[in-house]
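Colleague: Could you walk me through how the labels on this model are justified? I'd love to see each value set beside its cut-off.

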Amino acid sequence: MRLNFGILKRPKSTIPGFGLTLGYTVFYLSIIVIIPLIALFTEAFSLGWQAFLDATTNDRVIASYKLTFFTSLIAALINTFFGLIVAWCLVRYNFFGKRVFDAIVDLPFALPTAVSGIALTTLYSSQGWFGQILQPFGIKVVFTPIGITIALIFIGLPFVVRTIQPAFEELEVEQEEASASLGASRWQTFYKVILPTIFPALLTGFALSFARALGEYGSVVFIAGNMPMKTEISTLLIITKLEQYDYAGATAIAVVMLLISFVMLLLINILQRWSSRRRGMEAI
């Protein structure tokens with residue numbers, strides 16, 4: 001009897017081998033992400049520590065931080081609430097013009113942000129369709145934080161809707177029917193059955209909308225008015241410093257924004273992972 005001690009060959013993969021694939025991944029990420037970030041930090045800290053603190057902690061910069069994060073947070077929360085409703089309607093109901101409304105959700109993705117900014121400014125100006133209705137009530141939108149928030153809501157809504165939609169599509173209607181048959185109210189069914197299932201996707205949508213709002217420029221520049229200490233967000237201030245050839249000061253502000261955004265997104269991801277783990281333990 002003859003034994004065959006030949007080496008077992010692994011089946012060929014559709015994509016190239018691990019070494020080539022990993023090398024390409026590292027090279028691609030280095031060119032697109034890592035090297036630009038290193039250059040950003042290098043340019044920012046070329047100022048020196050004291051100059052860096054002075055450039056990132058003066059009153060004008062602090063005011064831009066507060067306005068940026070406050071309006072981005074409010075916009076992300078509003079998008080999370082209404083995005084949940086929009087996604088639910090698009091998944092669970094059939095109505096006339098559903099495909100049109102579904103396509104409109106993606107409009108902020110395709111529309112240039114400068115165009116959306118001009119359109120919103122025109123609508124909410126004192127002579128605009130919506131502005132002239134709000135003006136008698138003493139509500140001014142253009143050149144105020146309200147206008148900035150509206151612009152951020154506009155560009156951030158698709159992120160929430162498109163993230164939650166797959167979660168709703170995977171949610172079985174039988175679970176809701178079983179909850180109702182056991183005597184649960186609509187609120188109890190939503191809170192105990194629906195929300196735990198979609199909560200990770202809801203957090204992801206919130207994080208994407210929040211992150212998108214933090215870095216927005218085009219749709220805000222027209223409606224904000226760029227008034228220092230009042231309606232000047234951080235991205236506008238960065239552009240202003242670049243126009244003044246203060247590259248180190250601009251990158252210093254960008255580094256602070258990057259670090260704060262990273263910490264906040266890290267906390268959201270930790271909360272999302274905790275929620276998924278808790279949901280898995282409850283299922284067991």
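Modeller: Happy to! This is a predicted model, and D106 is a good place to begin: its relative accessible area is 28%.

Colleague: What makes D106 partly exposed?

Modeller: Buried means under 20% and exposed over 50%; at 28%, D106 falls in between, so it counts as partly exposed. R162 gets that label too, with 22% relative accessibility.

Colleague: How do you know that R162 forms a salt bridge with D106?

Modeller: Their closest N and O atoms are 2.8 Å apart, and the rule asks for a side-chain nitrogen of Lys or Arg within 4 Å of a carboxyl oxygen of Asp or Glu. Therefore the pair qualifies. R162 sits in helix α8 and D106 in the loop between α4 and α5, 56 residues apart. D102 joins D106 and R162 in a network of salt bridges.

Colleague: Why is K241 called buried?

Modeller: K241 has a relative accessible area of 16%, and the cut-off is under 20%, so K241 is buried. Its salt-bridge partner D246 has its closest atom 3.7 Å away, counting N and O atoms, and that is within the 4 Å limit. D246 itself is partly exposed at 29%.

Colleague: And on the whole fold, what makes the protein more spread out than a compact globule?

Modeller: The protein has 13 helices and 0 strands. Its radius of gyration is 24 Å, well over the 19 Å that the globule rule gives for 284 residues, so the protein is more spread out than a compact globule.

Key:
Residues numbered from 1 in each chain as written. Predicted model: local features only at pLDDT ≥ 70, side-chain atom pairs only at ≥ 80, totals over all residues. Heavy atoms only, no water. Helix = DSSP H or I, 4+ residues; strand = E, 2+ residues; numbered from the N terminus. Rg over C-alpha atoms; globule rule 2.2 N^0.38 Å. Buried < 20%, exposed > 50% of the residue type's maximum accessible area, 1.4 Å probe, protein only.
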